[in-house]
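Please open the coordinates in a viewer with cartoon and stick representations available. The tour below proceeds by selection, and each stop states what to display and what is found there.

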Amino acid sequence: MKPRLAFFDFTGCEGCQLEVINFEQELLDILSAADIVNFREAMTERSDDYDIAFIDGAITTERDVARIKEIRERAKILVAIGACACIGGVNCLKNFYPMEEVLRIVYGESAHYYDTIPARPVDAVVPVEYYVQGCPMTQSEFVKVVKALLAGKKPEIPNYPVCVECKMAGNICVFEKGETCVGPVTRAGCNALCVTNGRICWGCRGLVDDPNTDSEKEILAKYNLTPEEIIAKFRMFLGYSEVAK
Amino acid sequence: MKYEVITKEDFPSFVNGLLSEIEVVGVKMKEGKFHYDKIKSYDELCLDYDVTLIPPKKYLLPPKETLLKFSLGGAIQVEPSIDATPRVILGVHPYDIKAIELMDAVFSDSNPDANYMERRRNTVIVGVDCRNPSPNAFCPSMGTDTTETGFDLLLTDIGEQYVVAIGSEKGEELLKKHARTREATEADLAQRKAAQEEALAKYKLSIKAAVEEIPELLEKNYDHPLWEELAAKCLSCGSCTMVCPTCVCFDVQDDLELNLTAGERFRQWDSCMLQGFAKVATGENFREDCTSRLRHRYFRKGNYMLKRYGKLGCVGCGRCIGACLAEIANPVEAYNRLKEGS
Amino acid sequence: MSEKESIYLPMLAELVRTEGLTERERLFELKLRNGDELGHKPGQFVEISVFGIGEAPLSISSSPTKKGSFEIGVRTVGNVTNALHRLEKGATVGVRGPFGNGFPLDRLKGQDVLIVAGGIGLVPLRSLINYVLDNRGDFGRLIVLFGARTPAEQLFLDELALWRQSKDMEYLETVDRGDENWKGNAGVITTLFPLFDIAPEKTYAVIVGPPVMYRFVIAECRNKGIPDDQLLLSLERRMKCGVGKCGHCQINNVYVCQEGPVFTYSELKNLEEAI
C-alpha cells in the first residue's frame, strides 16, 4: 500500500508548503509513489489517517501545542519542514520581548482576543524523526527525504558547515568581500545557495551538531561587529538556540 | 629537457588553436580573485595571477562525481560511469602541478582508480611559472616554486616572449601543431632562470625548518599543546581541506530517482576535519575531538603522505591560510612554532 | 586489474539463504552471479551494496574451505545493514572484494591458536575457526573464548553446541549477565583467562571484539606471556571505499582497508589512535 502523506501548517508564512506545490515533475512522481491525504494549501479533502506528517511552521500558541501532540499521536513519522518547524526560525525573534508586549504590538486593542507563548520548534514539544531545513526549506532536500522514506533509509543530511559547499561551489568567502555570515556554524545542505547568489548566510538551516560558536563570535568581532550586532545576527534564525541568548 | 620560445604576439593563436580541437580550462578573473573555468577564447585567459580559489584538482577529482548507474526495475543492472572529457588545463602554477603529481600517486597506487586515471590520461597540463605569488604562499620552503616534471608544457614569462619547457610528446605535438615557435637559445634560458629568480624573491612567508625536517618535526611533537590550542578555535568547517590541492578524501553515497527503480552511486569531496569523518555505523567516532582531527590533517600533509607516496602533502600554495577564518590553518606558523620549540 | 576497470563496480551476487542469529543479527549466504568463488582468506571483508541504499564493509563469516558461496553476519546498525535485513532469498546485492589482509594463516600454521571473540567479533573469527577445523592437522591447539553480553546475544547457536562437544578444540564461553536458564560462566571475557594454560611461545592470540575489549584482553594475553607480535587484532574503521583511496579508515599513516584490518599488537602499539 502506498504511504499516506499529510501536510500541516503552524505559525509561518507557509512558504515551505508552497515549495511543495511548486514542484512540477517531482510532485507527480511523489503522487505516484504516495497518497497525499491532507494538504490544506493544495486540496479540500482531509483525512486523519496518515503515515507521514510534514509540519510547516513554529509552535507559538497553546492550541498549537495541543494540535501538534494530536498529529504526533496519529503519525508514524513526523517530518519538520522549514526553519520555523525545524529550529523556530524568525518566529523566535519575539521571544526576546514580553509576550504581552508582543500581543499589543501586533494586535493593538484586540490583543486580549489572542494568546501567545514563546515560539519554539516542533521538536521542543514532540519528537521529530526527520528535518528538512531552510527558509524556505530546500526543495532538493525535501525530495531527498521523501525518497529516503520511500526507500526505507535514513536520509544522509550533512552535519558539517555551509563552508564545505560554499568552497565546492567555488565562491569567494563573504568575509573576503567585507561582509560577515554565520555559515561556518550553519548546517550545509543548501549548496550554499545564498552566497552563490551574492548574498550572505544567515543560518536558516540551523546549527551543526557540535558548532564552535565561540570561535565564530570571535571571528565576527574580529571583523568589527559589536557584541549587539553579533547577537542580532544569531537571533535572525537561531533565536531558539543558546548561541542567541 | 627541450625548450622552445613563443612570442606573446603568437601566443593567442596557440590558445585559439587548442580551443579548436579540445576543451580548454584556464584561469579567469572573478571579482578580483582568480578561478579555473572553461574558456572560449584567449581573451578570457589570465596567465599572471597569484593563486586560484580552488585548485585544478576539481577537474581531476570533481567535487561530485557519478561512479555507477543502476537500474532496479526487474533484473538489477549496474554500469560504471566515467567522465573523461579530453581537456587542456592552461596556466597551472608549479605548486599545483606538484599537487597533481601527488594525486597521480594516490590514485594510481595499488588499486588504480579508473575514473581518475582515465581523466588524467585525457588531460593536458600547460603550466606557467608564477610571477607574482600570493602573500600566503610559501612555495620556496616546499621546493615547489617551479618544477621540472608533471607538465606537458610549462611557460615562463620572459618579457615579450614565453620560454616553453616541453614535458611530454603530447605537449610537443600540440605546440608544433598550433604555435609558431623557435628553439630556445642560451640567452633565452638565462632569461628564464632570471625570471624564476625574480619571482622567488617575492615570496613573503617561509618555514624555518628545511623541508626534509618536517616529517620528523611532526613526529616528535605528536602531543604538543599546539594542536589543542588550534583546535579550540577550529570551526571544523572543512574550508582548509576543500581548497587544498592535495586533499583528495571523498564520501560515497547512493541516490535514487523518485520512482525508486533507477539511481546512481556518487562520490563527493569529504574532509578529515569534519566531525563525522571517522565515525562508523555503530556510532563509534575514532576522531571525535577536534584536536585529533586537526592533528591528523597536519600529519597527513607533513608526514603520512610522504611515507606512503614519497611526496609531501603540502605544496606551499597557502590557500588554507587564506581560507581559514579562525586563522589556524597556517602550516608556516605551525611548523615554525614546532621548530622554535624543538 | 586493468586500469580501465572501475574498482568501484561491484560484482552481483544472489542471496541464497538468510537466517536469524539473534534479535539484531542475521546471517546471509551469498553466491556470486558469475559462478566464481569469492576467493577470500579468513579475516578479510567485502563491501556489500544494496543498490539505492549504499555500500558497507562487512566481515566474511564463512571459511574459504566452504565452496560455492560465502556468508556474512550482519548487525542492524545503519542504512545498508537495515536494508539487508529486509531482503529476502533471491534478492540481488553487490559485492566488492575481498579486501584487507586477513589473518596471517602462514604464521598460524603449526602453532597453537587462541581465539578471543567478543560479541559479533565472532562473525569474522568463525571464518578462521572453521578454517582451522577443516585443516585440523595444520595447526596445534585451538582454544576458543567467546563472550557475549547475554545468552540471547550468543550467535551461531548450532555451531556453539558442536564446539562444546568437539574434541578438536577447547571451547570456553561466558556472558556478562546470565539469565535463569544460563548455567555457564558469567562475567566479562577476561574472567575466562584463569581457566586454561598455554605454551606462550607457540601461541597466537587472535582477538576480535568491541573496541573497549581490546585493552583488557591484550593485558591478559601478555600476562600469559604471549609476545606482542603474536597478538593479532582486527580493527573496525569506516572503510568506505575498501581500496585505499577515500581516507576514512586511516589511522595515522595506516589504511586499515589496505594494511589491515588485522594487525599485530607490536604494530598497533606505535599507532597512537589505534586502540
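How many residues lie between β4(B) and β5(B) in the hairpin that they form, and which residue in the turn has a positive phi? The hairpin has 5 residues between its two strands, and G74(B) in the turn has a positive phi of about 75°. Strands (E, at least two residues) and helices (H or I, at least four) are DSSP runs numbered from the N terminus.

Before continuing, note that this is a predicted model, in which local features need pLDDT of at least 70 and side-chain atom pairs count only at pLDDT 80 or more, whereas totals for chains, interfaces and linings use all residues. Residues are numbered from 1 along each chain as its sequence is written, while chains are lettered from A and ligands numbered from 1 in the order in which they are written.

**Stop 1: the neighbours of β4 in chain B**

Select residues 77-80 of chain B, which form β5 and pair with β4(B) in the antiparallel sense over 4 bridges; two strands pair if DSSP finds at least two bridges between them. Within this pairing, F70(B) has V78(B) as its bridge partner. Next add residues 262-269 of chain B, strand β12, which runs antiparallel to β4(B) and is joined to it by 7 bridges. Here T66(B) stands opposite F266(B).

**Stop 2: the two domains of chain B**

Colour residues 2-200 of chain B as domain 1 and residues 211-341 as domain 2; these bounds come from an automatic or database domain assignment. The C-alpha centres of the two domains of chain B lie 25 Å apart. Their contact takes 36 residues from domain 1 and 29 residues from domain 2, where two residues are in contact if their C-beta atoms, placed from the backbone, lie within 7 Å.

On the domain 1 side, β4 (64-71), α3 and α5 (139-142) of chain B each supply at least two residues. The largest share, 9 residues, comes from α3(B). By class, this side of domain 1 of chain B holds 20 nonpolar, 8 polar and 8 charged residues. In this scheme Ala, Val, Leu, Ile, Met, Phe, Trp, Tyr, Cys and Pro count as nonpolar, Asp, Glu, Lys and Arg as charged, and the others, Gly among them, as polar.

**Stop 3: the open sheet and the helices across it**

Now display the open sheet of 8 strands in chain B, whose order is β3-β2-β6-β7-β8-β9-β1-β10, with mixed pairing. Its edge strands are β3 (33-38) and β10 (182-183) of chain B, each of which pairs on one side only. Inside the sheet, select β8 (153-157) and β9 (161-166) of chain B, which pair in the antiparallel sense over 5 bridges. L155(B) stands opposite V164(B) of β9(B).

Helix α3 (94-108) of chain B lies across β6 (87-92) and β7 (123-128), at about 145° to β7(B). Helix α6 (169-178) of chain B lies across β1 (2-7), β7, β8 and β9, at about 145° to β9(B). Axes are lines fitted to C-alpha atoms, for helices over the stretch in contact, and angles run from 0 to 180 degrees between N-to-C directions.

**Stop 4: two helix crossings in chain B**

Keep α6(B) and add α1 (11-21) of chain B: the two helices pack at an angle of about 110°, with their axes 9 Å apart. α1(B) is therefore roughly perpendicular to α6(B), a term used for angles of 65 to 115 degrees. The contact joins F14(B), G17(B) and L18(B) of α1(B) to L174(B), K177(B) and H178(B) of α6(B). These residues divide into 3 nonpolar, 2 polar and 1 charged.

Then select α9 (225-233) and α11 (290-309) of chain B, whose axes come within 8 Å and cross at roughly 110°. In α9(B), W227(B), E228(B), L230(B) and A231(B) meet C290(B), T291(B), L294(B) and R295(B) of α11(B). The contact comprises 5 nonpolar, 1 polar and 2 charged residues.

**Stop 5: chain C and its contact with chain A**

Finally, colour chain C by domain, with 11-99 as domain 1 and 105-234 as domain 2. The C-alpha centres of these domains of chain C lie 24 Å apart, and the contact takes 16 residues from domain 1 and 15 residues from domain 2. To finish, show chain A, of which 4 residues are in contact with 5 residues of chain C. The chain A side has 1 nonpolar, 1 polar and 2 charged residues.

Technical notes:
Parallel < 35°, antiparallel > 145°, perpendicular 65-115°, else oblique.
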